[in-house]
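Please take a moment with the sequence and the 3D view. A short report follows them.

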Amino acid sequence: KQIKTETCWNNSFILPKSVVLKWELSSKGPYKTEQWKRDAYGVSNIALKKEFNEGKWITTLVYKDIFSSYEHTTTQTGNDFSILTRTDDKPSFSLKLSYSFDNQK
């Protein structure tokens, strides 16, 4: 018998000047079925969020996969086919700017 494992740890820290730092760690354990197999992997992301003009403007800066660890292999097999997928995403930055109309979030 197999147990499918997945963990996630999220923490938010309030910094000076109303800046919020969010740090996320997550992992998925190895998984195997009759036709599908995935290696274990883990990933960590970090984000900074700042609100302006009484929360109408929100900017978020995200750094995805800060430890370059989002790498795993998935194998699918069946009658007359076999698919091997290697996932190796590179760390990346993203910037989001949003505006809230009429206090809707």
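The text below covers the sheets, the turns and a surface patch.

This is a predicted model: local features need pLDDT of at least 70, side-chain atom pairs count only at pLDDT 80 or more, and totals for chains, interfaces and linings use all residues. Residues are numbered from 1 along each chain as its sequence is written, and side-chain values use heavy atoms, with hydrogens and water left out.

**Sheet of five strands**

Five strands form an open sheet. Their order is β1-β2-β5-β6-β9, and the pairing is antiparallel. Strands here are DSSP runs (E, at least two residues), numbered from the N terminus. Two strands pair if DSSP finds at least two bridges between them. β1 (6–15) and β9 (92–99) stand at the edges with a single partner strand each, so one side of each has no neighbour in the sheet. From one strand to the next, the twist averages 15 degrees. That angle is taken between N-to-C directions of lines fitted to C-alpha atoms, and runs from 0 to 180 degrees.

β1 pairs with β2 (residues 19–28) over 10 bridges, in the antiparallel sense. One bridge partner in β2 is V20, which matches I14.

**Pairing around β7**

β4 (residues 36–38) and β7 pair antiparallel over three bridges. There, K37 stands opposite T75 in β7. Eight bridges join β7 to β8, also antiparallel. T75 has L84 as its bridge partner in β8. The hairpin of β7 and β8 has two residues between the strands.

**Two positive phi values**

Most residues other than glycine have a negative phi. Which loop residues have a positive phi, as listed here?

| Residue | Phi | Loop | Relative accessible area |
|---|---|---|---|
| S18 | near 60 degrees | between β1 and β2 | 55% |
| D80 | near 65 degrees | between β7 (71–78) and β8 (81–88) | 85% |

S18 is exposed, and D80 is exposed. Exposed means over 50% relative accessible area, buried under 20%, and partly exposed in between (1.4 Å probe, protein chains only).

**A nonpolar patch**

F13, L15, L48, L61, F93 and L95 form a nonpolar patch on the surface. Together they have about 580 Å² of accessible area, by the Shrake-Rupley method with a 1.4 Å probe. Patch residues have over 30% relative accessible area and no salt bridge, and nonpolar side chains are joined within 5 Å. A salt bridge is a side-chain nitrogen of Lys or Arg within 4 Å of a carboxyl oxygen of Asp or Glu. β1 and β9 are the elements that give two or more residues to the patch. L48 lies in β5 (residues 41–52). At 36% relative accessibility, L48 is partly exposed.

Note on methods
Helix = DSSP H or I, 4+ residues; strand = E, 2+ residues; numbered from the N terminus. Patch = residues over 30% accessible without salt bridge, like charges linked within 9 Å, V, L, I, M, F, W, Y side chains within 5 Å.
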